[in-house]
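Biologist: I'm new to this one, could you bring up the sequence and the structure so we can talk through the ligands?

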Amino acid sequence: MLSLLSILSCAAGAAAAAVPASTNLFVSSYSGTITTLSLTQSSSGTYSLTSKATSNGCAPNPSWLTLDYPNQVLYCLDEGLTSPNGTLSSYKINTDGSLKQVQKANTISGPVAGAFYQNPGGQRAITLAHYTGSDVSSWDLTSNGTTGAFTFNQNIPFTLPHPGPNPARQDAPHEHEAIVDPTGQYILAPDLGADLVRVFSFDNSAKLTALTPLTVVPGSGPRHAVFYKPGGSACKTGTTYLFVVTELGNTVTSYEVTYLANKGGLSFKQVYESNTYGNKTLPVGNAPAEIAISPDNRFLVISNRNDSSFSITNPDTKNATRTIRSDTLSTFELQTNGSLSLVQLAPAGGSYPRQFAMNAAGDKLAVGLQYGSTVVVYNRDVQTGLLGTVAGAIHIDGQITCVRWDQETFDGTYANA
Ligand SMILES: *[C@@H]1O[C@H](CO)[C@@H](O)[C@H](O)[C@H]1NC(C)=O
Ligand SMILES: *[C@@H]1O[C@H](CO)[C@@H](O)[C@H](O)[C@H]1NC(C)=O
Ligand SMILES: *[C@@H]1O[C@H](CO)[C@@H](O)[C@H](O)[C@H]1NC(C)=O
Ligand SMILES: *[C@@H]1O[C@H](CO)[C@@H](O)[C@H](O)[C@H]1NC(C)=O
Ligand SMILES: *[C@@H]1O[C@H](CO)[C@@H](O)[C@H](O)[C@H]1NC(C)=O
Ligand SMILES: *[C@@H]1O[C@H](CO)[C@@H](O)[C@H](O)[C@H]1NC(C)=O
């Protein structure tokens, strides 16, 4: 009875959204562009994936997109691969899906991911993880984010006393992502160089303060992470888990999260670990990248790069190379005790799935293939979590870094919690 009540009181996160006939996606590429794609369903049920518009304002090296869906503002990070600084840009999304740049500002070098948060007074801000700059920055969203205007708040630089066990990749701290916890009180930043997941609180001025971090296995190189609430994404009570994917260690590790008294930070207890193939044999050279939870809160998906496990028919029907090698997407079923059960190893659609995103209904998964220069949209069975046929695929020039649905989606990252 008790557990039924707690499920009911916490089950608000997972309503299936209606499938619109046409949905836009935004795609960033190191070639300098943000491309607006349209996935359109015909009356016979088949899909077409076409390019609608291109923006160059985030050049030279767009690395990440963060979408403020309610305000229809898209933030783009430019990693600035050959310049001393990166940039943060904001765009208003026009009704036709094209983008109008609002603002662009220099940042510390190498921003690769961003997340929205809200200070205790209800004002929104964005925090960025800087890979090459060894830094976490924060930016206030003017007018609470409605216009796309923003102002600089803070840089928090980090240093390493000596290189990590993998000196080529761990010469310095490398912040790789920023995510917000389900209560909206803390920001976490996996640091690939320092083998830490950094933890920050923030105050009424949205200024971050570094707290005691989570220390992971030396040399494992944590890259991305997601939170998991078994009671549902809207659940404010019950156990909280954190899943961390390591790029150098090829692991996915689950931690039970404890909230310390007086907003003093978080503590972590490991409850599960496997390789990103669910402990099946990993191909040499594998380097996991993205981790996300399905909108119904039942499955966890991880992208593996450079494992070349599959030989597939090129999903891009216009590409003359008909048979290609493909890397892998791993799907796990989430267990309420924080462990994982492998469901499927499926082709990612080509080479180097740096990032992917499920749509709001959870019946599509779009993959950005960095070296394949292709976006592939897979059909996904919401009941079983299995990836299936290709709904659409399209070539985009350059190395693809990020793909976002123009929808309110939940993937285990929280904003404005
Ligand atoms: C640009 O990069 C330089 C060198 O790292 C740094 O000192 C400066 O603060 C950066 N500018 C901004 C606006 O972050
Ligand atoms: C800012 O926007 C968020 C939702 O996006 C809202 O919850 C919050 O109340 C807003 N704050 C202010 C001060 O308007
Ligand atoms: C996966 O293998 C590692 C190393 O042998 C082991 O520590 C871990 O417990 C295994 N995980 C599962 C879920 O079997
Ligand atoms: C890919 O894996 C191969 C081993 O199969 C390795 O030699 C190579 O360095 C890896 N490449 C990248 C870019 O990770
Ligand atoms: C977690 O739950 C799964 C599925 O019910 C079970 O197989 C596993 O042994 C449990 N793990 C622990 C550590 O209790
Ligand atoms: C064709 O596909 C291959 C393999 O995915 C890819 O490397 C290449 O860039 C594609 N070419 C075009 C023109 O799309």
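**Ligand contacts**

Modeller: A backbone N or O atom of Ile 108 lies 3.1 Å from an oxygen atom of ligand 1, which fits the definition of a polar contact, a pair of N or O atoms within 3.5 Å. This is a predicted model, where local features need pLDDT of at least 70, side-chain atom pairs count only at pLDDT 80 or more, and totals for chains, interfaces and linings use all residues. Residues are numbered from 1 along each chain as its sequence is written, chains are lettered from A and ligands numbered from 1 in the order in which they are written, and side-chain values use heavy atoms, with hydrogens and water left out.

Biologist: How much of ligand 1 does the protein cover?

Modeller: The protein covers 45% of the 360 Å² of accessible area that ligand 1 has on its own, with areas taken from the Shrake-Rupley method with a 1.4 Å probe.

Biologist: And which residues are around ligand 1?

Modeller: They are Pro 84, Asn 85, Asn 106, Thr 107 and Ile 108, counting a residue if one of its heavy atoms lies within 4 Å. Asn 85 places a polar side-chain atom 2.5 Å from an oxygen atom of ligand 1, while for Thr 107 a backbone N or O atom lies 3.5 Å from an oxygen atom of the ligand.

Biologist: Switching over, what surrounds ligand 3?

Modeller: Tyr 272, Glu 273 and Asn 279 surround ligand 3. A polar side-chain atom of Asn 279 is 2.4 Å from an oxygen atom of ligand 3, and a backbone N or O atom of Glu 273 is 2.8 Å from a nitrogen atom of that ligand.

Definitions and conventions: Polar contact = N/O pair within 3.5 Å; in protein donor to acceptor, adjacent residues only side chain to side chain.
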